[in-house]
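I opened my notebook for a first look at this protein. Come along as I go through it entry by entry.

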Amino acid sequence: MNKGILLYAEVNKSNYVQPVFFELASKAQKLAEKIDNCPVMALIITKEGNTQNFKEGFEKFGIDEVYVVEDDRLENYTTEFYSKVALDEIKKIKPAIILIGATTQGRDLAPRLASELHAGLTADCIELDINEKGQLAATRPTFDGQLMATILSKSDIQMATVRENVFKPMEHDTPKQTEYIYDKAEIYGLYERVKILNFAKGIEKERNKLLDAKIIISGGKGMKTAKGFELLKEFADTLGAEVGASRGATDIGIAPKNMQIGQTGITVSPKIYIACGISGAIQHIVGMENSDKIFAINIDENAPIFEHADYGIVGDVFEILPKLIGELK
Ligand SMILES: Cc1cc2nc3c(=O)[nH]c(=O)nc-3n(C[C@H](O)[C@H](O)[C@H](O)COP(=O)(O)OP(=O)(O)OC[C@H]3O[C@@H](n4cnc5c(N)ncnc54)[C@H](O)[C@@H]3O)c2cc1C
């Protein structure tokens, strides 16, 4: 009988474990509580001696067991080598659930593993839970984002890839006594279809400030014009906040695309999220519902955003915001 939750700890090119791993680790602890406190395990595949650098993270994030395969031939990700090594380990570990970050690498590795393991894989999830039968209930957008589907898998191993930034990483107060299990990579003679000759440094994209913002003031179509967004900027400046937007606002060109929060934009999880003139469509909600406290200002008292808000003000943003800014100043 398969047991436990296995997380794939992806080491990226800058030689740190992808942040999504720690987000998954925190969520996995909660899932494990619902399956008789089963172990939360990690699999790391990396170059010789490298795991040492990440032990503190594994311990702080409460990982019970880490399965380590180190080999200098595994310094760079290649589908053939990594999937062979991961499969060998998974067959030994026999986990019930495998969770992988929906990064470029995760999206390449997961389907290959799922196919070899005959495991059901739900890709690009935005929520995970355990149902009353102890099965993984993995939720993802479907029908072009019009609906959310919760998908169960009948296979012994249930797999999901999960979007970055949907769960909050939470360190444990007392680090875990993590056990490390080392194994050898069985990759001799394996045909390598892709040979990495060189890594050329691309143009570094600046990280979107909304991803790390503690306070976000977000505007929707209800802000009406680009000038309306200037009011949000003024409000944001009084709070040291960043300005975000709904697709309603970016579609009519009153806010730039890189500000868009939601299913086809970015996912954020600030301490405070203030939605101004945003109706609260599900595609927007999935990008901000993990905020600690949600405030909404909307002229329509029946706007769906109020169902998700901790605090709401029914009224005209153009009357309320100047008053708030005045008070804050
Ligand atoms: C596949 C797909 C992906 C999508 N992805 C995203 C996404 O990533 N992010 C996203 O946000 N949306 C996304 N959408 C669009 C989404 O369905 C909504 O259409 C969009 O979120 C609506 O934006 P809005 O709330 O700004 O506009 P509206 O729905 O038009 O709402 C405007 C709100 O402003 C209020 N208002 C008007 N005037 C005032 C005023 N003076 N004072 C106060 N309130 C006022 C109104 O009462 C209303 O509630 C997606 C849709 C699809 C189909």
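What covers the buried residues of helix 5? I started there, keeping in mind that this is a predicted model. The cover includes strand 11, strand 12 (242–245), strand 13 (272–276) and helix 9.

**Entry: helix 5**

I looked up which residues of helix 5 are buried and found Gly228, Phe229, Leu232, Phe235 and Ala236. They lie on the same side of helix 5, because they cover an arc of only 110 degrees around the axis. On the other side of helix 5, I noted that Lys227 and Glu230 are exposed. I also checked the length: helix 5 has 14 residues, which should span 20 Å at 1.5 Å a residue, and its end C-alpha atoms are indeed 20 Å apart. Just after helix 5 comes Gly240, with a positive phi near 65 degrees.

**Entry: Met223**

Next I went to Met223, in the loop between strand 11 (215–219) and helix 5 (226–239). Is Met223 buried or exposed? Met223 counts as buried, because I find 27 C-beta neighbours inside 10 Å, and 20 would be enough. I then listed its contacts, leaving aside neighbours within four places in sequence: Gly228, Phe229, Leu232, Ala249, Ile254, Cys276, Gly277 and Val317. Among these, Gly228, Phe229 and Leu232 are buried residues of helix 5. I also looked at Asp316, which is 93 residues from Met223 in sequence but 9.7 Å from it in space, C-alpha to C-alpha.

**Entry: helix 3**

I moved on to helix 3, which runs over residues 79–93. Its 15 residues reach 20 Å from the first C-alpha to the last, close to the 21 Å expected at 1.5 Å a residue. Which residues of helix 3 are buried? I wrote down Tyr82, Val85, Ala86, Glu89 and Ile90. They sit on the same side of helix 3, because their arc around the axis is only 130 degrees. Lys91 and Lys92, on the other side of helix 3, are exposed. For the cover over the buried residues, my list includes strand 1 (5–9), strand 2 (40–46), strand 3 (65–70), strand 4 (97–101), helix 4 (104–117) and strand 10 (179–183). Lys94 follows helix 3, and its phi is positive, near 55 degrees.

**Entry: the two domains**

I checked the domain assignment, which gives domain 1 (5–183) and domain 2 (209–328). Their centres, taken over C-alpha atoms, are 33 Å apart. How many residues of domain 1 are in contact with domain 2? I found 8, and they meet 9 residues of domain 2. The side of domain 1 that touches domain 2 has 4 nonpolar, 2 polar and 2 charged residues.

**Entry: around the ligand**

My last stop was the ligand, which 31 residues surround. The closest are Gly145, Gly220, Gly222, Gly248 and Gly262. By class, I noted 9 nonpolar, 17 polar and 5 charged residues in the shell. Both domain 1 (5–183) and domain 2 (209–328) take part, each giving at least three residues. Which helix gives the most to the shell? Helix 6 does, with 3 residues. At least two residues each come from helix 6 (247–251), helix 7 (282–285), strand 14 (293–298) and helix 9 (317–328). Helix 9 was already in my notes, among the elements that cover the buried residues of helix 5.

Technical notes
Residues are numbered from 1 along each chain as its sequence is written. This is a predicted model: local features need pLDDT of at least 70, side-chain atom pairs count only at pLDDT 80 or more; totals for chains, interfaces and linings use all residues. A residue is near a molecule or strand if its C-beta atom, placed from the backbone, lies within 6 Å of it. Helices (H or I, at least four residues) and strands (E, at least two) are DSSP runs, numbered from the N terminus. Ala, Val, Leu, Ile, Met, Phe, Trp, Tyr, Cys and Pro count as nonpolar, Asp, Glu, Lys and Arg as charged, and the others, Gly among them, as polar. Domain bounds come from an automatic or database domain assignment. The expected span of a helix is 1.5 Å times one less than its number of residues. A residue is buried if 20 or more other C-beta atoms lie within 10 Å of its own, exposed if 12 or fewer, and partly exposed in between; C-beta atoms are placed from the backbone. The arc is that of the directions from the helix axis to the C-beta atoms. Two residues are in contact if their C-beta atoms, placed from the backbone, lie within 7 Å.
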